[in-house]
Amino acid sequence: MNDTAARALWELYEPVHAVVYFAPEALTAFEEAGLRGWRRGYFAGRAAPLGPVGPEPVTAAFFGFAPGTVARALPSVWDITPPARALEIRRAGARTALERLLAGREKEAARAGELLAGVAEGLDHGGRVLSAAHAAQPWPDDPLERLWHAATLLREHRGDGHVAALVAAGLDGCEALVLRSGIDVPRSELQPYRGWTDEEWEAAGARLVGRGLLEAGGAATDEGRRVFAVAEEATDRAAGRVWEGLDPEEPRALLAPLARACASALRFPNPIGLPKGGR
């Protein structure tokens with residue numbers, strides 16, 4: 001499968017996973033467990049497969065979040081909701097959201113879940129700590145939960161590869177966001193949700209200007225766009241190996257209507273950088 005097809009498939013399974021960040025059912029599940037504010041639920045749920053860790057490994061694995069923001073959530077969230085419980089809450093919230101969003105499409109969701117599960121079970125997690133931690137979790141029996149878990153494994157696997165590509169491009173977590181904001185995702189969708197202060201953001205911008213990747217006004221230079229494109233191409237290339245030997249038309253046909261339904265719970269633009277409508 002070529003790199004373009006791998007990106008197109010990401011645009012279809014990412015909305016299935018991302019309901020856990022945007023759908024009210026998923027957010028409410030964490031709030032009812034005592035984790036007020038979306039960040040605490042976010043860090044508890046996504047970091048839970050790593051165990052009761054502190055902020056340092058999570059900052060490294062999540063990459064784009066300000067260290068201070070992570071430290072305000074971890075490890076204190078584990079006193080309220082231990083990792084095993086956070087995993088249960090996250091999965092239940094995702095399932096409740098998918099139950100609403102995919103009502104009437106249960107059979108298609110089950111088929112898509114089995115197809116994605118077949119791909120996800122064969123993932124190579126070498127060099128991908130976050131996806132490996134998620135892969136260590138047991139597979140659920142419920143069809144909607146299987147669909148969500150499979151989509152989660154695939155997106156975290158791709159995400160780990162993306163982090164590696166950004167590091168190889170010589171970008172730190174804040175610089176990657178500032179450069180992205182100079183290309184296609186507004187600063188308002190990146191800075192506040194990743195927790196960087198204005199001072200940190202401006203300092204990262206100054207570093208990029210000094211390297212010729214950003215103009216003084218905040219727009220990416222041609223070289224900045226090239227660096228970003230190379231990182232995206234490397235991400236797609238690494239993710240493309242997952243789908244080798246599989247005709248992309250089958251997952252596209254299954255996932256397209258499910259992605260559209262799940263995307264109704266998202267906003268566009270968004271901090272993930274997911275485009276509206278997919279391909």
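## Buried residues and nonpolar cores

His 149 touches Arg 91, His 134, Gln 137, Pro 138, Trp 139 and Pro 140, leaving out residues up to four places away in sequence; contact here means heavy atoms within 4.5 Å. The structure is a predicted model, in which local features need pLDDT of at least 70 and side-chain atom pairs count only at pLDDT 80 or more, while totals for chains, interfaces and linings use all residues. Residues are numbered from 1 along each chain as its sequence is written, and side-chain values use heavy atoms, with hydrogens and water left out.

The side chain of His 149 also makes a polar contact with the side chain of Arg 91 at 3.3 Å. A polar contact is a pair of N or O atoms within 3.5 Å; within protein, one must be able to donate a hydrogen and the other to accept it, and residues adjacent in sequence count only if both atoms are side-chain atoms.

Two residues are listed below with their helices, which are DSSP runs (H or I, at least four residues) numbered from the N terminus. Buried means under 20% relative accessible area (1.4 Å probe, protein chains only).

| Residue | Helix | Relative accessibility |
|---|---|---|
| His 149 | α10 (residues 143-168) | 2%, buried |
| Thr 235 | α14 (residues 222-240) | 2%, buried |

Thr 235 is in contact with Arg 158, Gly 161, His 162 and Ala 165, not counting residues up to four places away in sequence. The C-alpha atoms of Thr 235 and Ala 165 are 6.2 Å apart, with their positions 70 residues apart along the chain.

The largest nonpolar core has 64 residues; such a core is a set of buried Ala, Val, Leu, Ile, Met, Phe, Trp, Tyr and Cys residues joined through side-chain atoms within 4.5 Å. Helix α1 (residues 3-22) gives the most to this core, eleven residues. Apart from this core lies another, of 23 residues, including Ala 165 and Ala 231.

Note on methods:
Buried means under 20% relative accessible area, exposed over 50%, partly exposed in between (1.4 Å probe, protein chains only).
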